[in-house]
Structures are given as structure tokens and as C-alpha cells.
Amino acid sequence: MTQTPHSPDSAPVADCVLCGEPTEHPASTRGATYCPVCEWQEAQRSACSG
């Protein structure tokens, strides 16, 4: 996965709690944050757990 460079004046982003990749959420977000890939995988797990 490639990382997009952030401008120095942008707010820091939170790291994914599963893989450590940057997420689309600001670092001030409370709770578990996931990158887009892990978020999709977690949704798939939840959908199949019936």
C-alpha cells in the first residue's frame, strides 16, 4: 500500500489498530481506528458472523 504525503500543516492522522497504516481519521478520533483495508475486512468478518 502506498502512502500519500501529507502537507505539514494538515492534522496528524491516526494509525490503524490492526496493521499500523495511516487511516483517514484524525489522530484525535476516539476509539479503534482502521485503515480502509482493515475496515473493509472487519466489516466482512462482522457480516459473516451471523
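Q: I've got the structure up. What pattern does the chain follow, read along the sequence?
A: Walk along the sequence of this predicted model and you get β-β-α. In total, the chain has 1 helix and 2 strands.

Q: How far should I trust what I'm looking at? What is the mean pLDDT of the chain?
A: Here's the general idea: where pLDDT is low, don't read the predicted coordinates in detail. In this chain the mean pLDDT is 84, and 78% of the residues reach 70 or more.

Q: And among the elements, which has the lowest mean pLDDT and which the highest?
A: Helix α1 has the lowest, with a mean of 90, while strand β1 (residues 13–15) has the highest, at 95.

Q: Now burial. How many of the residues in the chain are buried?
A: The cut-off you need is a relative accessible area under 20% for buried and over 50% for exposed, with partly exposed in between. Of the 50 residues in this chain, 12% are buried. As for the surface, the accessible area of the chain comes to about 4000 Å², and carbon and sulfur atoms account for 54% of that.

Q: Let's try one residue. Where does V37 lie, and why is it called partly exposed?
A: V37 is in helix α1, which covers residues 36–48. Its relative accessible area is 39%, so V37 counts as partly exposed.

Q: What separates the C-alpha atoms of V37 and C16?
A: Those two residues are 21 apart along the chain, and their C-alpha atoms are 9.7 Å apart.

Q: What about contacts across longer stretches of sequence: what share join residues at least 24 apart?
A: Take the contacts between residues at least 6 apart in sequence: 4% of them join residues at least 24 apart.

Note on methods: Residues are numbered from 1 along each chain as its sequence is written. This is a predicted model: local features need pLDDT of at least 70, side-chain atom pairs count only at pLDDT 80 or more; totals for chains, interfaces and linings use all residues. Side-chain values use heavy atoms; hydrogens and water are left out. Helices (H or I, at least four residues) and strands (E, at least two) are DSSP runs, numbered from the N terminus. Buried means under 20% relative accessible area, exposed over 50%, partly exposed in between (1.4 Å probe, protein chains only). pLDDT is the predictor's confidence in each residue, from 0 to 100. Contact means heavy atoms within 4.5 Å. Accessible areas come from the Shrake-Rupley method with a 1.4 Å probe; for residues, only the protein chains shown count as cover.
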